Amino acid sequence: MRRLSRAEMAAKVANDIPDGSYVNLGIGIPTLISKCLPPGRDVILHSENGILGMGAAPAGGAADLSLINASKEPVTLLAGASITDHVTSFAMMRGGHIDLTVLGAFQVSSLGDLANWDTGAPDAIPAVGGAMDLVVGARQVFVVMEHVSKAGEPKIVTECTYPLTGARVVDRIYTDCAVIDVTAQGLAVRWMCEGMSFERLQSMTAAPLLPGIG
């Protein structure tokens, strides 16, 4: 079995983003998407700290540290980009002006519930940021994450045990093993990594899966 790298996961998400979309990228793996958009794809990237028209990371050594994304990483601005305060940025997020947000997660439930801000661990630092605003304001929510935790525990579960970011908000899950749609019938598998069987994927998932491929 050949699992996807973080960069390959980001590229898989990038290939599925429709042309002309306004897209918010969360912290972690989602920030890699800015480097992976196919040439010629007209996608306007948004960062909750107030950038619309965000470009990829600058070429080596040319970073302007006053231009950073939500992960505090240097970025560039595309022609026509704008910079706003948090009030305006969050008004965009809450007002339904973002077509798609791509976020990381600790857990996603079979109903599309999302938990991505607190594990309750003694050394954890809860930090919801703008995620709650994004999941209720964006027209679609994609999650990209490893299929299991570092401890080998499933991150796709029947019911989240961590505090929720939003209930029934996730539309699609991208992992290093599969792409799964959250549907009214259940979790439908759209794609699996090379060498993966449906049975093995189910054994790594703590919620029932539907063989939706094809």
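A residue is called buried when its relative accessible area is under 20%, exposed when it is over 50%, and partly exposed in between. With that in hand, welcome to a set of close-up views of a predicted model.

**View 1. Glu8 and Arg2 meet in a salt bridge.** The side chains of these two residues come together at 2.5 Å, N to O. Glu8 has a relative accessible area of 28%, so Glu8 is partly exposed. Arg2 is partly exposed as well, at 43% relative accessibility. This pair belongs to a structure that holds 9 salt bridges.

**View 2. A salt bridge joins Arg172 to Asp16.** The closest N and O atoms of the two residues are 3.8 Å apart. Arg172 sits in strand S10 (residues 172–174) and Asp16 in helix H1 (residues 6–16), so this pair ties together parts that are 156 residues apart in sequence. Arg172 is buried, with a relative accessible area of 16%, whereas Asp16, at 29%, is partly exposed.

**View 3. Asp99 and Arg139 link two loops.** Their side chains meet in a salt bridge at 2.5 Å, N to O. Asp99 belongs to the loop between H2 and S5, and Arg139 to the loop between H3 and S8; the two are 40 residues apart, in distant parts of the chain. Arg139 has a relative accessible area of 55%, so Arg139 counts as exposed. Elsewhere, salt bridges with shared partners join Asp16, Arg172, Asp181 and Arg190 into one network.

**View 4. Helix H2 has a buried face.** Look for Ser89, Phe90, Met92 and Met93, which are buried in this helix of residues 86–94. Seen down the axis of H2, the buried residues fall within an arc of 150 degrees, so they line one face of the helix. As background, an α-helix has 3.6 residues a turn, so residues three or four places apart point the same way. Val87 and Arg94 are on the other side of H2, where they are exposed. The buried residues of H2 pack against strand S2 (44–47), strand S3 (51–55) and H3. Just after the helix comes Gly96, with a positive phi of about 80 degrees.

**View 5. Asp133 of helix H3 touches residues 90, 93 and 94.** Asp133 lies in H3 and counts as buried because its relative accessibility is 15%. Beyond its neighbours within four places in sequence, Asp133 is in contact with Phe90, Met93 and Arg94. Ahead of this helix, the loop between strand S7 (114–115) and H3 (131–137) holds Val128. Val128 has a relative accessible area of 27%, so Val128 is partly exposed. The C-alpha atoms of Val128 and Leu111 are 21 Å apart, with their positions 17 residues apart along the chain.

**View 6. Strand S5 is covered on both faces.** In this strand of residues 100–103, Leu100 and Val102 are buried on one side, and Thr101 and Leu103 are buried on the other. S5 pairs with strand S1 (residues 22–25) in the parallel sense, over 3 bridges. S5 also runs parallel to S8, and 4 bridges join these two. Val102 is a handy landmark: Leu25 stands opposite this residue, and so does Phe142 in S8.

**View 7. Three strands form an open sheet.** Their order is S7-S6-S9, and the pairing is mixed. S7 and strand S9 (156–157) are the edge strands, each pairing on one side only. Strand S6 (residues 107–109) and S7 pair in the antiparallel sense over 2 bridges. Here Gln107 has Ala115 of S7 as its bridge partner.

**View 8. The largest nonpolar core has 32 residues.** Those with the most contacts inside this core are Val108, Leu114, Val170, Ile173 and Ile180. H2, H3, strand S8 (140–144), strand S11 (178–182) and strand S12 (187–192) each supply at least two of its residues. Another core lies apart from this one; it has 23 residues, among them Ile29, Ile33, Tyr174 and Val179. Back in the largest core, Ile180 makes a good place to zoom in. Leaving aside neighbours within four places in sequence, the contacts of Ile180 include His147, Ile156, Arg172, Ile173, Leu187 and Leu209.

Methods:
Residues are numbered from 1 along each chain as its sequence is written. This is a predicted model: local features need pLDDT of at least 70, side-chain atom pairs count only at pLDDT 80 or more; totals for chains, interfaces and linings use all residues. Side-chain values use heavy atoms; hydrogens and water are left out. Buried means under 20% relative accessible area, exposed over 50%, partly exposed in between (1.4 Å probe, protein chains only). Contact means heavy atoms within 4.5 Å. The arc is that of the directions from the helix axis to the C-beta atoms. Two strands pair if DSSP finds at least two bridges between them. A nonpolar core is a set of buried Ala, Val, Leu, Ile, Met, Phe, Trp, Tyr and Cys residues joined through side-chain atoms within 4.5 Å. A salt bridge is a side-chain nitrogen of Lys or Arg within 4 Å of a carboxyl oxygen of Asp or Glu.
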